[in-house]
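Please look through the sequence and the structure below before reading on. The paragraphs that follow move from single residues to their surroundings and then to the chain as a whole.

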Amino acid sequence: PATRSDEVVKMVVQQLYKKCQDRDKSSYWHNLSDKKLKDLCLVAVIGGQEKCFRDDFKPLQLQNPWKRGKLYLRLRADAFAASATGNFTSV
């Protein structure tokens, strides 16, 4: 319950890196520095609506309807570009 969004992003990237290593593939994920990790954000998607979480948000504290959604990593730039469509909120 105390895990923050930025920690989730880092854990997902670490797991992707390990998977790529296991498959002997050169990996984009290997070259992600902590600074570049800040370019990623955790997003909840339900229906046609998205919510981008602040780095300090604790996703395990989600409430309806968002806890029925799916979580994704997105580039912050792409997430904020999606805000122009009106289906995006930032929390």
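Leaving aside its neighbours within four places in sequence, leucine 73 is in contact with Val9, Val12, Val13, Cys41 and Leu42. In this predicted model, leucine 73 lies in strand β3, and it counts as partly exposed because its relative accessibility is 25%, whereas buried residues have to fall under 20%. Leucine 73 and valine 12 are 61 residues apart in sequence, yet their C-alpha atoms are 8.5 Å apart in space. Strand β3, which covers residues 70-75, has the highest mean pLDDT among the elements of the chain, at 90.

Two of the residues that leucine 73 touches, Val9 and Val13, also belong to the largest nonpolar core, and so does its contact Leu42. This core has 12 residues, namely Val8, Val9, Val13, Leu37, Leu40, Leu42, Ala44, Ile46, Phe53, Phe57, Leu62 and Trp66. The elements that give two or more residues to the core are α1, spanning residues 5-22, and β1, spanning residues 40-46. Its largest share, 4 residues, comes from β1. As a general background to such a grouping, nonpolar side chains in soluble globular proteins tend to be buried together.

Within the list of core residues, Phe53 and Phe57 deserve a separate look. The structure holds 1 aromatic pair, and this pair is formed by phenylalanine 53 and phenylalanine 57, whose rings are stacked, with 4.5 Å from centre to centre and 5° between the planes. The pair counts as stacked because planes under 30 degrees apart are classed in that way. Phenylalanine 53 and phenylalanine 57 are both buried. If neighbours within four places in sequence are left out, phenylalanine 57 is in contact with Thr3, Arg4, Ser5 and Leu62.

Thr3, Arg4 and Ser5 appear again around proline 59, which touches these residues together with Val8 and Leu42, not counting residues up to four places away in sequence. Proline 59 is found in the loop between β2 and β3, and with 10% relative accessibility it counts as buried. The C-alpha atoms of proline 59 and valine 8 are separated by 8.8 Å, although the two residues are 51 residues apart along the chain.

What, then, does the side chain of arginine 76 reach at 3.4 Å? Arginine 76 is found in helix α3, which covers residues 76-82, and its side chain reaches the backbone oxygen of leucine 40 at that distance of 3.4 Å. The side chain of arginine 76 also makes a polar contact of 2.5 Å with the side chain of aspartate 55. Not counting residues up to four places away in sequence, arginine 76 touches Lys38, Asp39, Leu40, Cys41 and Asp55. Arginine 76 counts as buried because its relative accessibility is 18%, which lies under the 20% limit.

A second charged-residue example is glutamate 50, which lies in strand β2, made up of residues 49-52. At 16% relative accessibility, glutamate 50 counts as buried, and a polar contact of 2.6 Å joins its side chain to that of arginine 74. Glutamate 50 and alanine 79 are 29 residues apart along the chain, while their C-alpha atoms are separated by 8.7 Å.

Cysteine 41, a contact of both leucine 73 and arginine 76, raises a further point: why do cysteine 41 and cysteine 52 not form a bond? The sulfur of cysteine 41 is 3.1 Å from that of cysteine 52, its closest cysteine sulfur, and therefore too far away for a bond, since a disulfide requires the two sulfur atoms to lie within 2.5 Å. A search of the whole structure accordingly finds 0 disulfides. Cysteine 41 counts as buried at 1% relative accessibility, and cysteine 52 counts as buried at 2%.

Taken as a whole, the chain has 3 helices and 4 strands, which follow the pattern α-α-β-β-β-α-β when read along the sequence. Buried residues make up 29% of its 91 residues. Among contacts between residues at least 6 apart in sequence, 62% join residues at least 24 apart. On the predictor's confidence, the mean pLDDT of the chain is 78, and 74% of its residues reach 70 or more, while strand β4, at residues 88-90, has the lowest mean pLDDT among the elements, at 52.

Terms used: Residues numbered from 1 in each chain as written. Predicted model: local features only at pLDDT ≥ 70, side-chain atom pairs only at ≥ 80, totals over all residues. Heavy atoms only, no water. Phe/Tyr/Trp six-rings, centres within 6.5 Å; stacked < 30°, edge-to-face > 60°. Buried < 20%, exposed > 50% of the residue type's maximum accessible area, 1.4 Å probe, protein only. Core = buried A, V, L, I, M, F, W, Y, C linked by side-chain atoms within 4.5 Å. Contact = heavy atoms within 4.5 Å. pLDDT = per-residue confidence, 0-100. Polar contact = N/O pair within 3.5 Å; in protein donor to acceptor, adjacent residues only side chain to side chain.
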